[in-house]
Every structure is written in structure tokens, then in C-alpha cells.
Amino acid sequence: MTAESSNTPPDVVRGITLRQPWATCVLAGKDVENRPAPWNWRGWLLLHAGKTIERAPLRIPLVARAIRGRTLETGAVIGVARLTDCHRCPDSGRLCSPWAQRGAYHLVLADVHALPLPVPATGALGPWRPSAELLKQVLLQLPDLPALKGTT
Ligand SMILES: [Zn+2]
């Protein structure tokens, strides 16, 4: 507790909720998140693993390799990433990533950092705004990432 705590966090971070195993795949190099609708947000995202684990993707070799030896945390923020682009790849031809699905909007993720300690949290649809407390708990674990704090 500090005497000077701001009630509202700097408005530079949003949350994205992904089902497992996809959330953990992002920590392991999945650089595209597929969505049915485009996102306007650009910038830092808290990577939130939802409560659900989809079973079918666990049998996809790309996924199985990515999550090998990793814990599939649920209901927690497990890392941060920067959303740098949102696009659709052309209907024919190469996709931009082995993780990209044809016909979906591709949220391009960069600068992914895993949290040493996942922070329990409730997610939401769309880019959601994290509470000041949640953001604080995440930032405390990323002292070497001043860019995330956004304001000086
Ligand atoms: Zn793409």
C-alpha cells in the first residue's frame, strides 16, 4: 500500500481471454490469435487463460509440441504480449503463420512474456480493461518491462 495510489490505471493495457490450450501456446510461440471479428486495440495485452480447456486441439501436433512440459493454467493471467496488427490473410495463398486460420481475423502478437506466477482473474469477451489491482500484480512480476507501464 502506498499513500499515493492512483484509482485508475494508465489506459495502456487491455486483456484478452483465450481458451486453453491456446493461451499456453501463445507463451510457446503462437504468434497469431484467430478471431471472428477484428480488434481495433493495439498495444499491450494481458494474456488471460479462460476456465475452459478444449480437448480436440490437444491432438494437433503443432499444439502438442508447443504445450509439452507446460502447465495449462486456467482462470488466470499467464503473461503479456503486444498486439501489433489485425488483418485477414488473402483467401488463397500462404497464411501469415502456421497458427493462422483461413478466413479468420488474425491478431498478431509480439513481445510475449510469461508471468512467473499466474494471477487469478476473470476474463471477458473482447478487449477488456484490467482492474488497477490486477495490473499492479502483473507489473510487479515484470520489472524489466517499463514499456508496459506506458506513462512516465
Ligand atoms: Zn494473417
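**Exercise 1.** In what order do the five strands of the open sheet lie, and what is their pairing?

*Solution.* Before starting, note that this is a predicted model, where local features need pLDDT of at least 70, side-chain atom pairs count only at pLDDT 80 or more, and totals for chains, interfaces and linings use all residues. Residues are numbered from 1 along each chain as its sequence is written.

Step 1: find the strands, which are DSSP runs of E with at least two residues, while helices are runs of H or I with at least four, both numbered from the N terminus. Step 2: read off the order, which is 1-3-4-5-2, with mixed pairing; two strands pair if DSSP finds at least two bridges between them. Step 3: look at the edges, where strand 1 and strand 2 (32–35) each pair on one side only.

**Exercise 2.** Describe how strand 1 joins strand 3.

*Solution.* Start with the direction: the two strands run parallel, joined by seven bridges. Then pick out one residue: Arg 14 has Leu 45 in strand 3 as its bridge partner.

**Exercise 3.** Which residues does Val 138 touch, leaving out those up to four places away in sequence?

*Solution.* Contact means C-beta atoms, placed from the backbone, within 7 Å. By that rule Val 138 touches Leu 46, Val 77, Val 80, Leu 115 and Val 119.

**Exercise 4.** Which strand gives the most to the largest nonpolar core?

*Solution.* Such a core is a set of buried Ala, Val, Leu, Ile, Met, Phe, Trp, Tyr and Cys residues joined through C-beta atoms within 7 Å; buried means 20 or more other C-beta atoms within 10 Å of a residue's own. This core has 32 residues, and Val 138 is one of those touching the most other members. Strand 4 gives the most, with six residues.

Definitions and conventions:
A residue is buried if 20 or more other C-beta atoms lie within 10 Å of its own, exposed if 12 or fewer, and partly exposed in between; C-beta atoms are placed from the backbone. Two residues are in contact if their C-beta atoms, placed from the backbone, lie within 7 Å.
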